[in-house]
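The following exercises are to be worked with the sequence and the structure at hand. Each task is followed by a solution in steps.

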Amino acid sequence: RHLALVRRGGQLYAMDSTCYHMGGPLLHADIEDVPGHGACIVCPWHHYQISMTTGERLYQDMQRKVCTLPKKQRVHEVREVDGQVQVRLTGAATKKPETPAVATRK
């Protein structure tokens, strides 16, 4: 798994480095402050705003109110201890595909 590790304003953030939507390279993304949601990374391919704290995707509704979709981007716990950055990964790296049922003909 590849991670994006960002230090912004003294705060550390860690998340998977590819966007959950279509695999956009978040290492090339901009970071914006969104009122009420804090730092958000912006996917360079489709301009999705993703909370760097929760992993939720942000969007504006018809009244231009900022809303969130359920958590999608995998974010990870990160801390700095004695100058070393430590990351605790969350979620499975990959899911094994279910074995499909085999159909037989007689």
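Strands are DSSP runs of E with at least two residues, and helices are DSSP runs of H or I with at least four; both are numbered from the N terminus. The model to which this is applied is a predicted one.

**Exercise 1. Determine how many helices and strands the chain has, and state their order.**

Step 1. The count gives zero helices and nine strands.
Step 2. Read from the N terminus, the order of the elements is β-β-β-β-β-β-β-β-β.

**Exercise 2. Describe how E1 and E2 are joined.**

Step 1. Two strands are said to pair if DSSP finds at least two bridges between them.
Step 2. E1 and E2 run antiparallel and are joined by six bridges.
Step 3. As an example of a bridge, Val6 has Tyr13 in E2 as its partner.
Step 4. The hairpin of E1 and E2 has two residues between the strands, and Gly9 in this hairpin adopts a positive phi near 60 degrees.

**Exercise 3. Identify the bridges between E2 and E8, and decide whether E2 is enclosed or open.**

Step 1. E2 also pairs with strand E8 (residues 75–81), in the antiparallel sense and over two bridges.
Step 2. Met15 has Val75 in E8 as its bridge partner.
Step 3. A residue is buried if its relative accessible area is under 20%.
Step 4. Strand E2 covers residues 11–16, and five of its six residues are buried; therefore the strand is largely enclosed by the rest of the structure.
Step 5. For the chain as a whole, 28% of the 106 residues count as buried.

**Exercise 4. Locate the nonpolar surface patch and classify Leu5 as buried, partly exposed or exposed.**

Step 1. Leu3, Leu5, Val85, Val87 and Leu89 make a nonpolar patch of about 370 Å² on the surface.
Step 2. Strand E1 (3–8) and strand E9 (84–88) are the elements that each give two or more residues to this patch.
Step 3. Leu5 lies in strand E1.
Step 4. The relative accessibility of Leu5 is 47%, and partly exposed residues lie between the limits of 20% and 50%, so Leu5 counts as partly exposed.

**Exercise 5. Assess the confidence of the model, and find where pLDDT is below 50.**

Step 1. The mean pLDDT of the chain is 86, and 85% of the residues reach 70 or more.
Step 2. The pLDDT is below 50 over residues 93–104, a stretch with two contacts in the model beyond near neighbours in sequence.
Step 3. Predicted coordinates should not be read in detail where pLDDT is low.

Methods
Residues numbered from 1 in each chain as written. Predicted model: local features only at pLDDT ≥ 70, side-chain atom pairs only at ≥ 80, totals over all residues. Heavy atoms only, no water. Patch = residues over 30% accessible without salt bridge, like charges linked within 9 Å, V, L, I, M, F, W, Y side chains within 5 Å. Areas by Shrake-Rupley, 256 points an atom, 1.4 Å probe, with all protein chains shown as cover. Salt bridge = Lys/Arg side-chain N within 4 Å of Asp/Glu carboxyl O. Buried < 20%, exposed > 50% of the residue type's maximum accessible area, 1.4 Å probe, protein only. pLDDT = per-residue confidence, 0-100. Contact = heavy atoms within 4.5 Å.
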